[in-house]
Amino acid sequence: MLQLLRVSVATLIACVFGWQLQCLVLSTSRLQHILNDPGQTSKAYADHAGRALSLVCAKRRGTILQEFCKKELARLHPHSTIEEPTQGTRSNGARRSALDADYDFTLDVRKIECKSAQMSWDKFLKCWHVHFHAVKMPWPGFRDQAPFDDLYLIMFSPDSLHIIKHDFQTGVTTAGKRTGSSSHEITVRGARGQECWQISRSQILDKLLAPGHCELVARIDLSATKARAFLAQQMEGLATRQDTEYERVPLSQMTPALRGLRIEEIAFEVDRQVLHPNSSFSRTSSKVDWVRGEVRVEVKHGMMRFDKGRRRWRCSFRNIKCDLFDELGLAIYSPFGIHFLKHPGGQVRFSLTGLKEQAVGKEMHVLGSQKLLDVREALDDMLKKMEEWGCQRLATILW
């Protein structure tokens, strides 16, 4: 039976070569830097009222910020009626869920769409920015017109929210092949090299609110009593079993995007220092995470999450573009550590993603058995399933 060593700090790596278990040391200082450096974005939010919201995954945060917007519009239009969207049907005739409606709600007769974005630091461009995804603007062959009448952008910064009525033009960009299936994007940046988020926020707002363009609807101070109470209520309503399981776990206090980058860095160090110490490595490719010798390596990570609806633990790996790499590494981020596996290749266990596949790639979902509510038992079950599918367990870092 394969046994993995548990250590008090994440400095030992348990590696499997065939059936032989070896314990090797990964550079302590390098690993601790990766685990403990919260990044520029997290540092900015750390001492402000928006800290808790910044740690929520983008999907859940979007739901909360949409409620903020709806509440504010109801206050500004006390005699108007706000209603939930008509669900409609998908392209295959199936009925849409409320979460998949073409717009978020109606304000009297007008269809309203809300998009939110967290103000974050772009380490490559050295600037602060906001990036709004999946904005369904007209696009030939997909949409003759937008499925909504008014678009509201919710800009989330460390201490406040800015709700802006968009003009359908400012900052709008296409997303290459993804434009048709995943829609347009809206990106606005502060000045390059400007590290102060307050100054950058003013610059971003100046661009958004240039005369004759977008309209500032409201600014919400997140430290205000009413805003704090409303935020606490929304956060409590969306609390999940996983929130308790990940409390005080390394990397859990980082933004989801940064956590993904940190796991990629750890995977690279494991491959370079432990698994293939005699190989040459390059990280200059923009299409894969690194190249080992002539092997193009891509690593995808997934966080163990509890699906309340199905009452089971699951882990999902997304945006897998099989034509770009030779070797696929999979990293499961759990309350107990990071578990690295090698995908067997081919089309093993990939899920279809419809029209989005050509643009954003495939997905892979690993589900724990429904009867296993204990996170450790679910993790063991998921790892066993992946090995049965042909995945090879390479290394595990235990907290």
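Reader: Which side chain does a polar contact of 2.7 Å join to that of Asp271?

Author: Happy to start there, with one reminder: this is a predicted model. The polar contact joins the side chain of Asp271 to that of His276. Asp271 itself lies in helix α9, residues 256-275.

Reader: Is Asp271 buried or exposed?

Author: The general idea is to compare the relative accessible area with a cut-off, and buried means under 20%. Asp271 has 4% relative accessibility, so it counts as buried. Leaving aside neighbours within four places in sequence, its contacts are His276, Pro277, Phe281, Trp290 and Arg292.

Reader: Let's turn to strands. How many bridges pair β4 with β5?

Author: There are 3 bridges, and the pairing of β4 (residues 105-107) with β5 (residues 110-118) is antiparallel. One position to look at is Phe105, which stands opposite Ile112 in β5. The two strands form a hairpin with 2 residues between them, and Asp108 in that turn has a positive phi of about 60°.

Reader: Which strand do 7 bridges join to β5?

Author: That is β8 (residues 150-157), and here the strands run parallel. Gln118, found in β5, has Phe156 in β8 as its bridge partner.

Reader: What does the side chain of Gln118 do, and which side chain does a polar contact of 3.2 Å join to it?

Author: The partner is the side chain of Arg61. With a relative accessible area of 11%, Gln118 is buried. Not counting residues up to four places away in sequence, Gln118 touches several others, including Thr41, Tyr45, His129 and Phe156.

Reader: How should I read a sheet order, and which are the edge strands of the open sheet of 4 strands?

Author: Read the order from one side to the other: β16-β17-β21-β20, with antiparallel pairing. The edge strands are β16 (305-307) and β20 (350-351), each of which pairs on one side only. Between β16 and β17 (residues 312-320) there are 3 bridges, and Arg305 stands opposite Arg314 in β17.

Reader: Now a helix. Why do the buried residues of α6 line one face?

Author: An α-helix has 3.6 residues a turn, so residues three or four places apart point the same way. In α6 the buried residues are Trp197, Ser200, Arg201, Ile204, Leu205 and Leu208. Seen down the axis of α6, they fall within an arc of 140°, so they line one face of the helix. Those residues pack against α2, β7, β8, β9 and β11. As for length, the 12 residues of α6 (residues 197-208) should span 16 Å at 1.5 Å a residue, and the end C-alpha atoms are 16 Å apart, which agrees.

Reader: And how many aromatic pairs does a search of the whole structure find?

Author: The search finds 9. A pair of aromatic rings is described by the distance of the centres and the angle of the planes. Tyr45 and Phe156 form a tilted pair, 5.2 Å centre to centre with 55° between the planes. This pair links helix α2 with strand β8, its members being 111 residues apart. Tyr45 is buried, with a relative accessible area of 0%, and Phe156 counts as buried at 0% relative accessibility.

Reader: What about Phe68 and Phe230: what angle lies between the planes?

Author: The angle is 70°, with 4.9 Å centre to centre, so the pair is edge-to-face, as planes over 60 degrees apart count as such. Phe68 lies in helix α4 and Phe230 in helix α7, so the pair ties together parts that are 162 residues apart in sequence.

Definitions and conventions: Residues are numbered from 1 along each chain as its sequence is written. This is a predicted model: local features need pLDDT of at least 70, side-chain atom pairs count only at pLDDT 80 or more; totals for chains, interfaces and linings use all residues. Side-chain values use heavy atoms; hydrogens and water are left out. Two strands pair if DSSP finds at least two bridges between them. The expected span of a helix is 1.5 Å times one less than its number of residues. Buried means under 20% relative accessible area, exposed over 50%, partly exposed in between (1.4 Å probe, protein chains only). The arc is that of the directions from the helix axis to the C-beta atoms. Contact means heavy atoms within 4.5 Å. A polar contact is a pair of N or O atoms within 3.5 Å; within protein, one must be able to donate a hydrogen and the other to accept it, and residues adjacent in sequence count only if both atoms are side-chain atoms. Rings of Phe, Tyr and Trp (its six-membered ring) pair if their centres lie within 6.5 Å; planes under 30 degrees apart count as stacked, over 60 as edge-to-face and the rest as tilted.
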